[in-house]
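These exercises go through one structure in steps. Try each task before reading its solution.

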Amino acid sequence: MSTRQAGLACRNLRVEYERFVAVDDVSFDLAPGESFGIVGESGSGKSTVLRAICGLAPLAAGSVQLTGAESALTAPAPGGKAFRRQVQMVFQDPYASLHPRQTVDRLLAEPLAIHGIADAQARIERALDEVGLGTGFRFRYPHQLSGGQRQRIAIARALILEPQVLLLDEPTSALDASVQAEVLNLLEALRARRGLSFLMVSHDLAVVTHLCQRLMVMQRGRAVEFVAADELAAQRVVADYTKSLMRASAGFSRTSAAHGARSSRPLPPS
Amino acid sequence: MNPMLEVENLRVAYPAREGGFNEVVRGVSFTLGRERLGIVGESGSGKSQTGRAILGLTAAGGRVTADLLRFSGRDLLSMAPRERRSLRGGRIAMILQDPKFSLNPVMPIGEQIVETLRAHHAVTQRIAHAQAIDALAAVQIDDPERVFKLHAHEVSGGMGQRAMIAMMLIAQPELLIADEPTSALDVTVQLQVLAILDKLVAGRGMGLIFISHDLRLVSSFCDRVLVMYAGRVVEEIAAVELHNAQHPYTQGLLNCLPQLGAARHPLPTLDRRPEWAL
């Protein structure tokens, strides 16, 4: 296990697209070694928070700080190469996030080349082993892999730089239930082995509480509730929106559905 | 009385690169009355291909055979393409997964609904317009006059899916095939859409085939569930009896989902047996 676990401190994050505020004054801490979840429906800004952290969305205000053993002064600044070496992201759709004309070998060599890491050969083999694929997959193209195998490659690509923080954007929502279980188990095992910190976004409460100890509920760009996973499991939640998410995840029922349909607000056009 | 839909030994095959055919649906049989039937399986299990074959939407090059494929007493496979076309969207309708891709992007939503109605019923433009507005209101769209004029990219996923339901129901079909109708939607919106669908199906006495990968959702919504694996139905079960499922594949699918309040680390995974695919 690594001795240099890292976390994140996010303060007053704000992301705007022209006049639309996608993320509005969101603050939270990811403790070193912790796994923290963000839930909410589409458009709530949960993915944008992850994208803002790794520099894929512009921050209009607020700060992101890598925390952990290093002092605040020496911690790498967001957006820089050193920060990215510590913080890597796994995207939602493994069909879209892997270059279709690059072999697995080339996909995994890219981050190593960018960061000038020498022993690519050995690292690629080790990364493939670690995600349970083996070197037989090394010279295949993404289209020759199943969805679950692709997501394992995406995880291997994120882990090959040996980061301390992994940003997971709906890592299993494009996968079948049985494959989802395999990928969740893999993520858990990797976290235990390497002492990683996870920041995971999902719309599925059961998946988030399986992997995370604490979570933040977002609605319309704001954080509406912070709750521990076991409190959520015991139904001790405060915000109305969290309650409706919990009802929804319990499945369809004729009585609550009639109620839900009546009380629902009209949806704003997206 | 005959059931509305009779399917016996349905097979769908596509040409393989090495020559010959790959069967993706391998002998599916079931009958459907005025009830809600769920078809569940993972990607590649043949569930969508089954639905498309019933509608006659199998992709070009595909080969559909069946001992029996009958809709209200009429053989679908020997029917002239013209007749089949008049059934499609009229007496049999299909709701597709993602409104972003299945609505026409360059035509206002309301016009698409009007087009569907006028393709199957001889009504004037005025009456069609009024009925389209009613249909949008029936799926709980608040300002139907406004939404009528909007394009697909101007509405949210949930509203797009409601518009598609309105479009599919306007010709008053007897059989509705819904292929993952709520998978592209948020959980809270999912339930609203299902509630609308439920009310309409119950109110009109339609037959419904609900295709989904989500075993729990389907079992909470349907009366009866077919579980498909590798192109075959491995188990048929009443939805309320789901927890008593016999087939190890069904049990495995139920078991591998994370559950709120039940810490299971690691999650049980599915141990796929080669004999399931025989």
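**Exercise 1. Overall form of chain A**

Why does the radius of gyration of chain A agree with that of a compact globule?

Solution. The radius of gyration is taken over C-alpha atoms, and the globule rule is 2.2 Å times the number of residues to the power 0.38. For 270 residues a compact globule would have a value near 18 Å, and chain A has 19 Å, so the two agree. The C-alpha trace of chain A spans about 60 × 45 × 35 Å along its principal axes.

Before going on, note the conventions. This is a predicted model, in which local features need pLDDT of at least 70, side-chain atom pairs count only at pLDDT 80 or more, and totals for chains, interfaces and linings use all residues. Residues are numbered from 1 along each chain as its sequence is written, while chains are lettered from A and ligands numbered from 1 in the order in which they are written.

**Exercise 2. Burial and contacts in chain A**

State what percentage of the residues in chain A is buried, and how contacts are spread along the sequence.

Solution. Step one is burial: a residue is buried if 20 or more other C-beta atoms lie within 10 Å of its own, exposed if 12 or fewer, and partly exposed in between, with C-beta atoms placed from the backbone. Buried residues make up 44% of the 270 residues in chain A.

Step two is contact: two residues are in contact if their C-beta atoms, placed from the backbone, lie within 7 Å. Of the contacts in chain A between residues at least 6 apart in sequence, 69% join residues at least 24 apart.

**Exercise 3. The sheet of three strands**

Give the strand order of the open sheet of three strands in chain A, and describe its pairings.

Solution. Helices (H or I, at least four residues) and strands (E, at least two) are DSSP runs, numbered from the N terminus. Chain A has 10 helices and nine strands. Two strands pair if DSSP finds at least two bridges between them.

1. The order is β2-β1-β4 (chain A), with antiparallel pairing. The edge strands, each pairing on one side only, are β2 and β4 (61–68) of chain A.
2. Strand β1 (residues 6–17) of chain A is joined by eight bridges to strand β2 (residues 20–30) of chain A. Here A:Val15 stands opposite A:Val23.
3. The hairpin of β1(A) and β2(A) has two residues between the strands, and A:Glu18 takes a positive phi near 50°.
4. Seven bridges join β1(A) to β4(A), and A:Gln65 is the bridge partner of A:Ala9.
5. Helix α1 (residues 46–53) of chain A lies across β1, β2 and β4 of chain A, at about 115° to β1(A). Axes are lines fitted to C-alpha atoms, for helices over the stretch in contact, and angles run from 0 to 180 degrees between N-to-C directions.

**Exercise 4. The sheet of six strands**

Which strands are the edge strands of the open sheet of six strands in chain A?

Solution. The order is β5-β6-β7-β3-β8-β9 (chain A), with mixed pairing. The edge strands are β5 (87–90) and β9 (222–228) of chain A. The twist averages 20° from one strand to the next. Strand β8 (residues 214–219) of chain A runs antiparallel to β9(A), and six bridges join them. In this pair A:Gln219 stands opposite A:Arg222. Helix α5(A) packs on the sheet, touching β5 and β6 (165–169) of chain A, and its direction makes about 170° with that of β5(A).

**Exercise 5. Helix α6 and the contact between the chains**

Which element gives the largest share of the side of chain A that touches chain B?

Solution. The contact takes 36 residues from chain A and 39 residues from chain B. The largest share of the chain A side, seven residues, comes from α6(A). By class, this side has 18 nonpolar (Ala, Val, Leu, Ile, Met, Phe, Trp, Tyr, Cys and Pro), five charged (Asp, Glu, Lys and Arg) and 13 polar residues (the others, Gly among them).

The helix α6(A) has 18 residues and reaches 26 Å from its first C-alpha to its last, close to the 26 Å expected. That expected span is 1.5 Å times one less than the number of residues. Its buried residues include A:Val179, A:Leu184 and A:Leu187. What covers the buried residues of α6(A) includes α5 (147–159) and α7 of chain A together with α10 (248–255) of chain B. After α6(A) comes A:Gly195, whose phi is positive, near 65°.
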